[in-house]
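Q: I have a protein model open and I don't know how to read it. Can you walk me through it?

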Amino acid sequence: MKLTWWTRNYLLIQVKNQPLTRADCGKDVRHFEFEFISSAIKYEVGDVLELLPGQNPAAVDAFIQHCNLEPESLITVHPRVMESAESNAPNVPIKLKTFVELNMDVASASPRRYFFEVMSFFATAQHEKERLQYFASPEGRDDLYQYNQKERRTVLEVLEDFPSVQMPFEWLVQLVPQLKTRAFSISSSLSAHPNQVHLTVNVVSWTTPFKRTRTGLCSTWLAKLDPQQNTGLYIPAWFHKGLLPPPPPSLPLILVGPGTGCAPFRGFVEERTIQDVSDRAAPIMFFFGCRSEENDFLYKDFWLSHALENGVLAEQRGGGFYVAFSRDQPQKVYVQHKMQEHSGRIWDLLLEGASIYVAGSSTKMPSDVRAAFEDIISREAGVSKETAELQLRRLERDGRYHVEAWS
């Protein structure tokens with residue numbers, strides 16, 4: 001097992017937790033702001049922030065109690081294979097409860113098939129042993145999938161379903177999935193917000209086939225934090241380069257970011273607005289999409305203010321802000337439809353050397369947007385679809401077509 005020891009990280013504290021969507025509209029998207037506890041932090045627009053989420057204290061306590069562990073006992077955990085300097089674990093004792101909180105995902109991730117096989121060796125109730133052996137067998141693979149992965153049962157839930165199983169901690173520490181960081185596109189400019197970093201986060205929630213409500217560990221944890229009550233809660237964080245390189249101020253931009261895909265582009269607009277003060281920056285066309293103007297028009301006032309006459313999104317400057325509301329009319333309208341409405345201006349910007357940035361859901365959106373660009377190039381340039389596709393590929397090779405998509 002490769003253990004992550006959180007040493008090379010920064011510490012953040014949450015200072016703002018603001019809902020961006022209307023209550024009871026079916027989705028919960030929030031704007032989070034964090035201040036740096038550590039010094040000399042640098043990031044650029046388009047970068048990614050990883051956070052180590054906190055776990056539900058009640059779930060951690062229930063896991064420790066169920067496994068008959070002593071939370072205050074001191075333990076020392078050594079990786080079996082020292083893979084690199086990154087995996088060097090300090091040979092210092094740590095409280096068992098602290099180790100579980102920071103390393104063992106007991107109430108979010110589902111255990112693997114081998115977990116059930118090992119459980120069968122420690123089951124003392126015969127019916128539980130037989131059930132676990134069946135799950136671990138080739139014949140029980142489909143039933144295990146229905147019970148475990150499809151329902152996203154957690155380690156704690158599985159252990160509670162088989163109460164006769166008492167695995168030693170030495171086995172648990174190897175088999176329980178490791179608590180992982182969660183990555184988010186940064187939605188701020190450090191130039192606009194010194195000593196801060198902002199995120200735009202969809203609070204994840206879904207229902208399993210058996211009507212069990214599941215929630216995303218990190219997004220739900222962040223949403224429940226109260227900046228007024230958690231002033232001493234430090235959040236471990238890591239900054240990484242994303243797939244959207246920061247553009248120079250002289251580069252015209254065509255941005256496509258429906259839903260939370262707008263997150264990195266909020267930082268782009270903030271950065272370019274500051275750059276525009278000292279030297280007139282190139283225009284930005286931004287295509288945003290959401291369900292309805294009333295419910296989930298994320299950062300509405302922000303975009304509209306920058307689309308005014310002197311703003312970096314202003315049509316008068318060659319840019320523009322265009323929003324597609326998919327459910328405000330009988331027919332569905334998406335960002336690709338708005339792109340088609342302004343195909344001439346998109347083509348003009350491409351001829352001026354504009355770069356394309358696309359961010360958002362990894363389902364159909366990236367392919368639909370790409371197809372729209374192909375159609376626009378084909379129509380405006382008077383070339384075949386095949387030639388238009390070759391031109392898009394050339395834009396990719398030249399570093400002028402960037403996509404960051406997530407599930």
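Q: Is helix H8 mostly covered or mostly open, and how do I tell?
A: Start with the words: helices (H or I, at least four residues) and strands (E, at least two) are DSSP runs, numbered from the N terminus. Buried means under 20% relative accessible area, exposed over 50%, and partly exposed in between (1.4 Å probe, protein chains only). In this predicted model, H8 spans residues 217-224 and is mostly covered, with 7 of its 8 residues buried. Among the buried ones are Leu217, Trp221 and Leu222, along with Cys218 and Ser219.

Q: What should I know about the model before I trust such details?
A: It's a predicted model: local features need pLDDT of at least 70, side-chain atom pairs count only at pLDDT 80 or more, and totals for chains, interfaces and linings use all residues. Residues are numbered from 1 along each chain as its sequence is written, and side-chain values use heavy atoms, with hydrogens and water left out.

Q: So what is the average pLDDT of the chain?
A: pLDDT is the predictor's confidence in each residue, from 0 to 100. The chain averages 93, and 95% of the residues score at least 70. Over residues 1-7, though, the pLDDT is below 50; beyond near neighbours in sequence, that stretch has 27 contacts in the model, where contact means heavy atoms within 4.5 Å. Residues 82-88 also have a pLDDT below 50, with 11 contacts beyond near neighbours in sequence.

Q: Where is Arg317, and is it buried or exposed?
A: Arg317 sits in the loop between helix H11 (300-306) and strand S13 (320-325). Its relative accessible area is 11%, so Arg317 counts as buried.

Q: What does the side chain of Arg317 reach?
A: Look for polar contacts: pairs of N or O atoms within 3.5 Å; within protein, one must be able to donate a hydrogen and the other to accept it, and residues adjacent in sequence count only if both atoms are side-chain atoms. The Arg317 side chain reaches the backbone oxygen of Asn310 at 3.1 Å. Another polar atom pair, also at 3.1 Å, links the Arg317 side chain with the backbone oxygen of Ala281. Leaving aside neighbours within four places in sequence, the contacts of Arg317 include Asp276, Pro283 and Glu309.

Q: And how many helices and strands does the chain have?
A: There are 15 helices and 15 strands. Of the 407 residues, 52% count as buried. For contacts with a separation of 6 or more, 75% come from residues 24 or more positions apart.
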